[in-house]
Every structure is written in C-alpha cells, then in structure tokens.
Number of protein chains: 2
Amino acid sequence: MTADPDGMNPVGGSPVDCLPAELLANPLFLLGRLGVAVKARAIEEFDRTGFGPYHYSVLALLEEGARETQASVADTLELDRGTLVGLLDDLEEHGLVERARDRNDRRRYVVGLTPAGRRQLVVFRAILERLEEEFLAPLDEADRAALLDRLSRIASHHDPRFSRPRL
Amino acid sequence: MTADPDGMNPVGGSPVDCLPAELLANPLFLLGRLGVAVKARAIEEFDRTGFGPYHYSVLALLEEGARETQASVADTLELDRGTLVGLLDDLEEHGLVERARDRNDRRRYVVGLTPAGRRQLVVFRAILERLEEEFLAPLDEADRAALLDRLSRIASHHDPRFSRPRL
DNA sequence: TATTGTTATACTCTATAACTATA
DNA sequence: TATAGTTATAGAGTATAACAATA
C-alpha cells in the first residue's frame, strides 16, 4: 500500500505520492479540484436535511425577490427548467414554498416563500456556516475576503449576473 | 423574456436577474460555481485534441516521476483504477505512453512516457496557458499569485498531497 | 488469501426534447 | 404560432463490484 515498498525511488526524487508540481502551481487545476470538492461536501451536508444545495439557492432567491415566476428563477440560477420543477415539487411538498397561478397569465405560476420556508433557510445557512468554517479553516478573515474578492471578480467578468450590487 | 415586463418590481429592489447577494457573498458558492465552470471549459478545450484534462494530468505525473505503476498513478491522481485503464489505453493507442510488465512482480505494469508523449505535453500546456489567460483575465500577476496562495493553502489543509514541495 | 490490472454493471446528474395548457 | 410548466428519455461521468492472473 505504501508508494515505494522496495525503496527504488531515484535519489532526490519528488516526495512520495505527491501530485506533480506542475499541477499544484496551476490555479485552474486547484480551482477545479476545490470546486468539485466543495460541491460534493455541500451535497453531503445538505443531504441530512433531505434537501440539496439547489433547494437552498432557490429559497435564498425567493426570499430576496418575491413574485418570481418559475422561468425567471430557473434562468437566474442557471438551472434547467425541468430540473427546477422537481426542486419546487420537493419544497412545496414540505410546505416551504407555494405556487399560485398568475391571474394575468394562467400559464405562469408565481412562486413564493412560506414562513416555514424562511425557517428552513435559517437551518440551511447554519449548515453553510459550519461548512465554510471547515473548508476555509486555514484562512483568516483577511484571507477569506481576499479570496472572495478574486473569485468574485473572475465570476462577474464571465457573467455580469455575478456582479455584487454596490451597497 | 425580460425579467420585469410589466414594471412591477418593488422600488429599490435588487437588480434584475441578479443572483441573490447572499450567494454572491459566499466564497464556497463562488468556488463551487467557478470550479465546475473551469472543469467544463477545460474539457471543452482539450476535446479538440481528442483527449481530456485527465489525459494531461496522467502525462504530467509520468513526466515528473518515472517508473510509475498504474495503482500509484491512480491513487496519486485520485482516479478510479478502472478509469485509469481507459485513459492509459487511449494514451498508449496514440503512442504517448508505454506499458511494460514489471519483471519483479508480473502482476504490475510499469508505465512510462514516450517522446511523443512529451511532445503532446507541450501541446496540452499551451492549451492550459490560453485557458488560464481567458479565465483569469481580470486578475493581474499579483492577484493570481494571491489566489493561488489561498487555494493552495486550502487544498493542502485537507489533503497533504497538495502541499507544494519547497524549492 | 491478497493484490494488480481489467472488464462489466449500475447509479447519479444533467441535458434534450416531447407534451399540455394557455396565450 | 409561441410560451410556461411538466414529464419522459437519453447521455455523460463516475462509482461499484465481479473477474483473471500473479504473488
């Protein structure tokens, strides 16, 4: 199971089982690896609530801007409209959101948060805080702000919807 | 198609179609989003070569530490051993790597880079450089170093194999 | 019996596109 | 005809586990 059982590594060779320095020095490689890792961890954590990160993001969006139609929610979150149906079904089933027909256009549904939905949002936020503490443990507040700043600039450069509204 | 066709948004409401500020201020959310985005872009770019990012990482690993056995390559790269078989099949088929039986343990294969493999590595690196330029465009050199530093510290905190060997 | 490499299988996630009801 | 929501299908990517050869 050890990497060099017969001690035949070349003298001065790279540390056992370490990833290539070429990869470790590549910000894109780290970004990709860490990105999928956080996603996996988040799914894992949310799983115990019976929901997933997408359920949370839907609730978070609904809390900010009310009177959302399904299409706008899906587009904003870059979710497939078909996928969103399933998410809303889950949420509605647990009384966290409500769908109401739009009287002006009976094709549309107007989706809104319920009080239970707001309470669930608090639970989700607590999960995320714990997860952030775990994942960003080696970074102090200044580091986290610096990281967020760079990530935010990258994201908003490729997609204006990621621009943070100035306070 | 527009988000507010009837102009009924509350006064002072959040910008149209913008993601919730709660999400935009969350480093984990951005990390996850950007991470899957880079991965997707990388796959897309590598696709034109007939290979994928994993083929590249295998070649990069083989160039650094020679005489690798398949199990060690898979473990180091955190790849499924079954998946690695397919990757090596592809690479060997194009003459980029060679598999040779280990005489001391005939269950094992010793995998090594061929000259063609080294040349392909140059091509892959060029693709990655372009991709980094595109993806990290809004960041100057200092920003990129700062980003790499934080990502590197996070990664090595959770997995020692991500520690960069001191020069 | 345990391990290396291989192959086959199953499962998850997501993207595509057909379908309905309204407009 | 076009659009909102729904449903069903198919595909990629990945994980699980059975398998043959060797130790």
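Start by selecting D143(A) and R153(B): their side chains meet in a salt bridge, 2.6 Å from N to O. Color by chain and you'll see that this pair crosses between chains, running from helix α7 (residues 141-158) of chain A, where D143(A) sits, to helix α7 of chain B, home of R153(B). Keep in mind as you click around that this is a predicted model.

**Stop 1: the protein-protein interface**

Next, pick E22(A) and R125(B). Here is another salt bridge between side chains, again with an N to O distance of 2.6 Å. How many salt bridges does the rule find across the interface of chain B and chain A? There are eight. If you widen the search to all chains, the count comes to 39.

Now switch on polar contacts between the two chains. With both partners at pLDDT 80 or more, 16 residue pairs are in polar contact across the interface. To see which parts of chain B build its side, show the cartoon and highlight α1 (21-24), α2 (27-47), α3 (53-64), α4 (70-77), α6 (115-135) and α7 (141-158), since each of these supplies at least two residues of the side that touches chain A. Color that side of chain B by residue class and you get 38 nonpolar, 10 polar and 17 charged residues.

For the overall extent, select everything in contact between the chains: 65 residues of chain B against 64 residues of chain A. Interface size is often quoted as the accessible area lost when the parts come together. For chain B and chain A the buried area is about 6,500 Å², and 67% of it is on carbon and sulfur atoms.

**Stop 2: the axis**

Time for a superposition. Lay chain B on chain A: a turn of 180° with a shift of 0.0 Å along the axis does it, at an RMSD of 0.0 Å. That is the relation of a two-fold axis. Which residue of chain B comes closest to the rotation axis? Put a sphere on the C-alpha of G35(B), which lies 1.9 Å from it. While you have both chains up, compare their contact residues: 97% of the interface residues of chain B are also interface residues in chain A, so the copies meet through the same surface.

**Stop 3: DNA strand C**

Hide what you don't need and select DNA strand C with its surroundings. You should find 16 residues around this strand, and the closest are D80(A), R107(A), T69(B), Q70(B) and A71(B). Which part of the strand faces the protein? Of the strand C atoms within 4 Å of the protein, 72% belong to sugar or phosphate, and the rest to bases.

Three side chains are worth labeling here:

- K39(A) has a polar side-chain atom 3.2 Å from a phosphate oxygen of strand C.
- Y54(A) has a side-chain N or O atom 3.3 Å from a phosphate oxygen of strand C.
- R99(B) places a polar side-chain atom 3.0 Å from a phosphate oxygen of strand C.

Back in cartoon view, the elements giving two or more residues to the surface near strand C are α4 and α5 (81-93) of chain B. The largest share, three residues, comes from α5(B). By class, this surface has four nonpolar, three polar and nine charged residues.

**Stop 4: DNA strand D**

Move to DNA strand D. Of the 16 residues around this strand, T69(A), Q70(A), A71(A), D80(B) and R106(B) come nearest. Sugar and phosphate account for 72% of the strand D atoms that come within 4 Å of the protein.

Label these three next:

- Q70(A): a side-chain N or O atom is 2.8 Å from a phosphate oxygen of strand D.
- K39(B): a polar side-chain atom lies 3.1 Å from a phosphate oxygen of strand D.
- R107(A): a side-chain N or O atom is 2.9 Å from a base oxygen of strand D.

On the cartoon, highlight α4 (70-76) and α5 (81-93) of chain A, which each supply at least two residues of the surface near strand D. The largest share, three residues, comes from α5(A). Color by class to finish: four nonpolar, three polar and nine charged residues make up the surface near strand D.

Key: Residues numbered from 1 in each chain as written. Chains lettered and ligands numbered in written order. Predicted model: local features only at pLDDT ≥ 70, side-chain atom pairs only at ≥ 80, totals over all residues. Heavy atoms only, no water. Contact = heavy atoms within 4.5 Å. Buried area = accessible area lost by both parts, 1.4 Å probe. Salt bridge = Lys/Arg side-chain N within 4 Å of Asp/Glu carboxyl O. Polar contact = N/O pair within 3.5 Å; in protein donor to acceptor, adjacent residues only side chain to side chain. Helix = DSSP H or I, 4+ residues; strand = E, 2+ residues; numbered from the N terminus. Nonpolar A, V, L, I, M, F, W, Y, C, P; charged D, E, K, R; others polar. Near = heavy atom within 4 Å. Least-squares fit on C-alpha atoms with pLDDT ≥ 70 in both.
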